[in-house]
Amino acid sequence: MTTRRILSIDGGGVRALVAAIVLDALDGEFTAIGKDCAIGDCFDLIAGASSGSFVAAALALPRPDGGPGPAPAEIRRFLETTARRVFPSKWYCNIPVLGRLPQLFGPLHDARRLNAVLHEQFGDVVLASARRNLLIPAYSIDPRDIVLFRGGPDYKNMKECQRFGMIRVRDAMMASSAAPTFFPPHRVETPDRSEHWTGIDGGVYLNDPAMAAVVETMRLFPGDEIEVLSLGTGRQTRRYPFDQAKGWGFSQWISPAGRFRTPLISAIQDGQTRAVMRQLEYLLDERYVRFDYRLEKGRGSDRIDDASSKNLARLTRGALEMVDNMRPQLRALAASLKPLA
């Protein structure tokens, strides 16, 4: 039986750096055993939600000049160096409660900065150009629907190629990462304008896209065995005490200006991620490997837009500690992965 391998990457804003660090460590294990191949070429399908789509696309796409995509170390540097451009420091954001009031009345960040960063890295490459099958989820508020932007070699004779093939990948990524209150929705339309979507963050329903990737792989390769490498971006551990939460209304559950920072959205994303993890552990057992760690003890903030050098250093420390703790699994992966024919 043929084995199909999936790489799935969670959303998490600046915390996508965690996934890039894991991939960089895996690439280092490749080098240690003398394996000379690109990580992206070892997977039949690569999925990424929200900022995880930046990492997924970098692995699955050629460069704008047609050359091979970047190595994980380069992806890691890209995320580190562009984080402050996408999420520039705003002095007032650190003021408790009052610092987030502007977010009540409009997007906190300028999407043009994100678009410029993605254009520099990905140019106008379209989904049909993907070297490996690529899946990027978003949620459309007009028309109301879930959207799975897809492209790659095994979609060439499928309806998805006609529907999504000529859409620029950076438009799919802009839609997938348009987190409400942080960025405005992003409009995506087919070149012939026969179809359009007003996309917001794929993380609102699919922050961990691994299960969607499994179903998509079953559709592309019916009957084949499936293995999944799933990369988290730090598990949220902030607790909401009963004595406080029992009296919450809109301003506490939803408002970004609240002390607990939109706990309802946090709970939705965390719950979906944990559900997917447990489902795939049951379905795939040892054929499912998950890298993730708890955002605690100085290992990074759960804020998706904290691009401070201090927080990036903490995220890096947490990711490297996780890599060291899971070194046996990483080495086993490096030994088992091989480039697709």
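# Helices, rings and turns

Guide: Welcome! Ala111, Leu114, Asn115, Leu118, His119 and Phe122 in helix 4 meet Arg170, Met173 and Met174 in helix 6, where contact means heavy atoms within 4.5 Å. By class, these residues are 6 nonpolar, 2 polar and 1 charged. Ala, Val, Leu, Ile, Met, Phe, Trp, Tyr, Cys and Pro count as nonpolar, Asp, Glu, Lys and Arg as charged, and the others, Gly among them, as polar. The model is predicted, with local features needing pLDDT of at least 70 and side-chain atom pairs pLDDT 80 or more, while totals for chains, interfaces and linings use all residues. Residues are numbered from 1 along each chain as its sequence is written, and side-chain values use heavy atoms, leaving out hydrogens and water.

Visitor: What makes a helix or a strand here?

Guide: Both are DSSP runs, numbered from the N terminus: H or I over at least four residues for a helix, E over at least two for a strand.

Visitor: How do the axes of helix 4 and helix 6 cross?

Guide: The axes of helix 4 (residues 111–122) and helix 6 (residues 169–176) come within 10 Å and cross at roughly 145°. Each axis is a line fitted to C-alpha atoms over the stretch in contact, and the angle runs from 0 to 180 degrees between N-to-C directions.

Visitor: Why does Thr262 count as buried?

Guide: Buried means under 20% relative accessible area, exposed over 50%, and partly exposed in between (1.4 Å probe, protein chains only). Thr262 has 16%, so it is buried. Thr262 lies in the loop between helix 10 (250–253) and helix 11 (263–284). Gln252 is 10 residues from Thr262 in sequence and 7.1 Å away in space, C-alpha to C-alpha.

Visitor: Why is helix 8 called largely enclosed by the rest of the structure?

Guide: In helix 8 (residues 210–220), 8 of the 11 residues are buried, which is why the description fits. Among them are Met211, Val214, Glu216 and Leu220.

Visitor: How many aromatic pairs are there?

Guide: The count comes to 7. Rings of Phe, Tyr and Trp (its six-membered ring) pair if their centres lie within 6.5 Å; planes under 30 degrees apart count as stacked, over 60 as edge-to-face and the rest as tilted. Tyr240 and Trp248 have ring centres 5.8 Å apart and planes at 65°, so this pair is edge-to-face. Trp248 and Trp253 are also edge-to-face, because their centres are 5.0 Å apart and their planes stand at 85°. Trp248 is buried at 13%, whereas Trp253, at 31%, is partly exposed. Elsewhere, ring pairs link Phe149, Phe164 and Trp197 into a cluster.

Visitor: What makes the charged end of Arg4 sit over the ring of Phe221?

Guide: The rule asks for NZ of Lys or CZ of Arg within 6 Å of the ring centre and within 35 degrees of the ring normal. Arg4 is 3.9 Å from the centre of the Phe221 ring. Lys35 likewise sits over the ring of Phe30, 5.4 Å from its centre.

Visitor: What is phi of Ser50?

Guide: Phi of Ser50 is near 50°, a positive value in a residue other than glycine. Most residues other than glycine have a negative phi, and most peptide bonds are trans. Ser50 counts as buried, because its relative accessibility is 6%. Thr181 also has a positive phi, near 80°.

Visitor: Which residues does the cis peptide bond join?

Guide: Asp142 and Pro143, with omega about -5°. Pro143 lies in the loop between strand 3 (133–141) and strand 4 (144–151).
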